Amino acid sequence: MSQQKYYITTPIYYPSGKWHLGTCYTTVICDALARFKRMQGYDVFYLTGTDEHGQKIDDVAKSVGVPVKEYIDKVVKELRELWGLLDISYDKFIRTTDDYHEKAVQKIFEKLYAQGDIYKDEYEGYYCKPCESFWTKSQLVDGKCPDCGREVSLMKEESYFFRLSKYQDRLIKLIEENPEFLQPKSRQNEMLNNFLRPGLQDISVSRTSFDWGVKVPFDPKHVVYVWIDALTNYITALGYGSDDTTLFEKYWPADLHMMGKEIVRFHSIIWPAILMALDIPLPKKVYGHGWLLLSGDKISKSKGNAVDPVILSERYGVDAVRYYLLREIPFGQDGSYSNRAFISRINSDLANDFGNLVSRSTAMCSQYFGGIVPERGEIEEVDKSLIDVCNGAYEKVAKAMDSLLVPEALEEIWKIIIRANKYIDETTPWLLAKDESKRARLQSVIYNLIEAIRMANVLVSPFLTKSYVEVFKKIGVTDEYLEGFGSLEFGTMRSGAKVEKGEALFKRIDIEKDVKELEAIAEKAEAEKNKKAEKKEDEKAENTVTFEEITIDDFAKINLRVGKVASAEKVEKADKLLKLGVDLGEGRIRTVVSGIAKWYAPDEMVGKEIILVANLKPCKLRGIMSEGMILCASDEDGNLAIVSPSKPMKAGSEVR
């Protein structure tokens, strides 16, 4: 019988700045699910990565004055270091700048274009740069992005479109007839009522206003937009579109796409439509969880409320961060983070419950039996309740994990820990130790405690990936119990193991003291951020352009005319220059050399109306005599846009 496959993905993250605790939420959840499935015997493939193209990342790189790839490499390195710190066990990390991915994206784009699912038109609509989302006017909330609440801009440009509307009925049928496809149920209602039933519009899948992206192979002034580029990572990472499709054939379709609720629309509507167009099976489940909130607002670096997971991990341990994310937040709903709640959870669950159980049990084993786990004796009535909780835990935990109820799964594991702590109070081993005639009974009690710890620890190992190793070391357990969940039957552990008392597994924390210290760290970070922002503003002010005033007589010397571009070609061995033939209504064609090749292709210039400084003294550029200068606007990043009349004008018309 072949091993059952399980393919799980997070969304790929956009490397536009410092990572925060909210970023970690999806990845830690998926890691726990992947680890749990591996221990169940599944052949798991866990994918994560980074979405590295687009205008936003280009703008951010320019704002800090470094080449975009250099900037991305640095931020992606930080992310991979964070995943290493949090012990994320992904099988592949994809970057959309990976060569194999870009080639596959181009093949996909060509295929969709060839079969008519992509066509060329002009786009006009509202665009949110931070979210990289297009919206219709009716979808805006108070004129702003419905997802993040920030300003949008009205954009108009030539674009290739994907025929999303073509798949509307199939998508409605998919969600209505397959309720397990999109979870939780609230997301189904949102997609059906807010997007699908009101009617889908075709979506823009290319851009010309920036060039940091995968070039459309047959029209290179266009770059492939995020819907085709980023979403297809789930199949290109498996080799789709390459010469080796072994992984794709093995693991696709995905068993679970996990993401935050703000991008469910992309994954439950746009992504399935693309797969339908490509005639590829759909993923089995798309799950949109809630947000991690801070003071009622989504944790986000762009909103200035980021919580640093590195600081928390270094201060309290990686497992404390993992446990909080997995246990505290009601899955599928929004959850709130506070320093007080975080520390309280460490104290109550990890220190008081789990850590205390391990410390008390190993201490008594050391004191009463020289640190050797004793033989198991006869079972008495008081033992049965503990044994029943232990033996029934796996089935309940597995059921919760299958339903993606991660906090509930941990709650079931903690029932063993809580019951074992109560068992200590019920059996009073310290009293049994005073009576030699009860030595056999004391042996059974200590064995039962160590065995309960072992069973809880096997179950907790996918969640607390550092601590479980320490617990097994303390109770003398070897790796043979970690080959899966097959050892989860009470009484499986052999006697004779050597326990180690050692330091407490989790130390109790002074809540008031640590809350103040964390607040001080946050205030210092905010002050440094504000200081940098002020410095940037000061530098901007210092670099503000001042203008030398001229008189009307000076301006009158400049002869500006409307010209019509009759021909255009690139200047050999000059990447920035175009050679233009310009009609100024003079009965001849002027030659003008202009440094606009980065922003305008030759065929794009032909027929365009421009404004020309007509009386500029001719000069030679690359051996070509240039007779004038085109007027262009330039933004702070050096991008150029040709200045043109707002309506058609006769060639040679004077500009005044």
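**Exercise 1. Two cis prolines**

Start with Pro-184, which is found in the loop between β7 (182-183) and α6 (185-196). In this predicted model, find the omega of the peptide bond that joins Gln-183 and Pro-184, then do the matching job for Trp-252 and Pro-253.

*Solution.*
- Step 1: The bond from Gln-183 to Pro-184 has an omega of about -5 degrees, and it is a cis peptide bond.
- Step 2: Move along to Pro-253, whose place is in the loop between α9 (246-251) and β11 (256-260).
- Step 3: Trp-252 and Pro-253 are also joined by a cis peptide bond, with omega at about 10 degrees.
- Step 4: Keep Trp-252 in view, as this residue belongs to an aromatic cluster together with Tyr-7, Phe-45, Tyr-234, Tyr-240, Phe-248, Tyr-251 and Trp-271.

**Exercise 2. Positive phi**

Look up the phi of Asp-279 and of Arg-622, and decide whether the side chains belong to buried or exposed residues.

*Solution.*
- Step 1: Asp-279 has a phi near 60 degrees, a positive value in a residue that is not glycine.
- Step 2: Its loop runs between α10 (264-278) and β12 (286-289).
- Step 3: With a relative accessible area of 71%, Asp-279 lies over the 50% cut-off and therefore counts as exposed.
- Step 4: Arg-622, again no glycine, takes a positive phi of about 55 degrees. The loop that holds Arg-622 sits between β20 (619-621) and β21 (624-626).
- Step 5: The relative accessible area of Arg-622 is 55%, so this residue is exposed as well.
- Step 6: For a glycine with a positive phi, turn to Gly-65 just after α2, where the angle is about 75 degrees.

**Exercise 3. An aromatic pair in a helix**

Classify the ring pair of Tyr-468 and Phe-472, and work out where the two residues stand in their helix.

*Solution.*
- Step 1: The model has 29 aromatic pairs. In the pair of Tyr-468 and Phe-472, the ring centres are 6.1 Å apart and the planes meet at 85 degrees.
- Step 2: Planes over 60 degrees apart count as edge-to-face, so this is the class of the pair of Tyr-468 and Phe-472.
- Step 3: Both residues lie in helix α18 (residues 467-475), and because they are four residues apart, about one helical turn separates them.
- Step 4: Check the burial too: Tyr-468 is buried at 17% relative accessible area, and Phe-472 is buried at 5%.

**Exercise 4. Charges over rings**

Which rings have the charged ends of Arg-80 and Arg-265 sitting over them?

*Solution.*
- Step 1: For Arg-80, the ring is that of Phe-93, with the charged end 4.4 Å from the ring centre.
- Step 2: For Arg-265, the ring belongs to Trp-135, and the distance to its centre is 4.6 Å.

**Exercise 5. Helix α2 and the empty space**

Find the buried residues of α2, then describe the second largest pocket and the largest cavity.

*Solution.*
- Step 1: In α2 (residues 55-63), the buried residues are Gln-55, Lys-56, Ile-57, Asp-58, Asp-59 and Ala-61. Their cover includes α3 (68-85), β4 (118-128) and β9 (206-207).
- Step 2: The second largest pocket has a volume of about 1,200 Å³. Its lining counts 38 residues, and Thr-208, Ser-209, Phe-210, Lys-598 and Trp-599 are the closest to the centre.
- Step 3: α2, β6 (153-162), α21 and β24 (640-642) each give two or more residues to this lining. The largest share, five residues, is from α2.
- Step 4: Sorted by class, the lining of the second largest pocket has 19 charged, 15 nonpolar and four polar residues.
- Step 5: The structure has one cavity of 30 Å³ or more, and the largest cavity holds about 50 Å³ of space. Eleven residues line the largest cavity; His-53, Gly-54, Val-224, Tyr-225 and Val-226 are the closest to its centre.
- Step 6: The lining of the largest cavity splits into five nonpolar, three polar and three charged residues.

**Exercise 6. Around Pro-602**

Which residues does Pro-602 contact, leaving aside its neighbours within four places in sequence?

*Solution.*
- Step 1: Place Pro-602 in helix α21 (residues 602-605).
- Step 2: The contacts are Ala-568, Glu-569, Lys-570 and Leu-578.
- Step 3: At 21% relative accessible area, Pro-602 is partly exposed.
- Step 4: Try a C-alpha distance as well: Leu-174 is 428 residues from Pro-602 in sequence and 45 Å from it in space.

Conventions
Residues are numbered from 1 along each chain as its sequence is written. This is a predicted model: local features need pLDDT of at least 70, side-chain atom pairs count only at pLDDT 80 or more; totals for chains, interfaces and linings use all residues. Side-chain values use heavy atoms; hydrogens and water are left out. Rings of Phe, Tyr and Trp (its six-membered ring) pair if their centres lie within 6.5 Å; planes under 30 degrees apart count as stacked, over 60 as edge-to-face and the rest as tilted. Buried means under 20% relative accessible area, exposed over 50%, partly exposed in between (1.4 Å probe, protein chains only). A charge sits over a ring if NZ of Lys or CZ of Arg is within 6 Å of the ring centre and within 35 degrees of the ring normal. On a 1 Å grid over the protein atoms alone, a cavity is a set of points where a 1.4 Å probe fits but cannot get out, and a pocket is an open set with protein on both sides within 12 Å along at least five of seven lines; lining residues have an atom within 4 Å of a point. Grid points are joined across faces, edges and corners, and a volume is the space filled by probe spheres set on the points. Ala, Val, Leu, Ile, Met, Phe, Trp, Tyr, Cys and Pro count as nonpolar, Asp, Glu, Lys and Arg as charged, and the others, Gly among them, as polar. Contact means heavy atoms within 4.5 Å.
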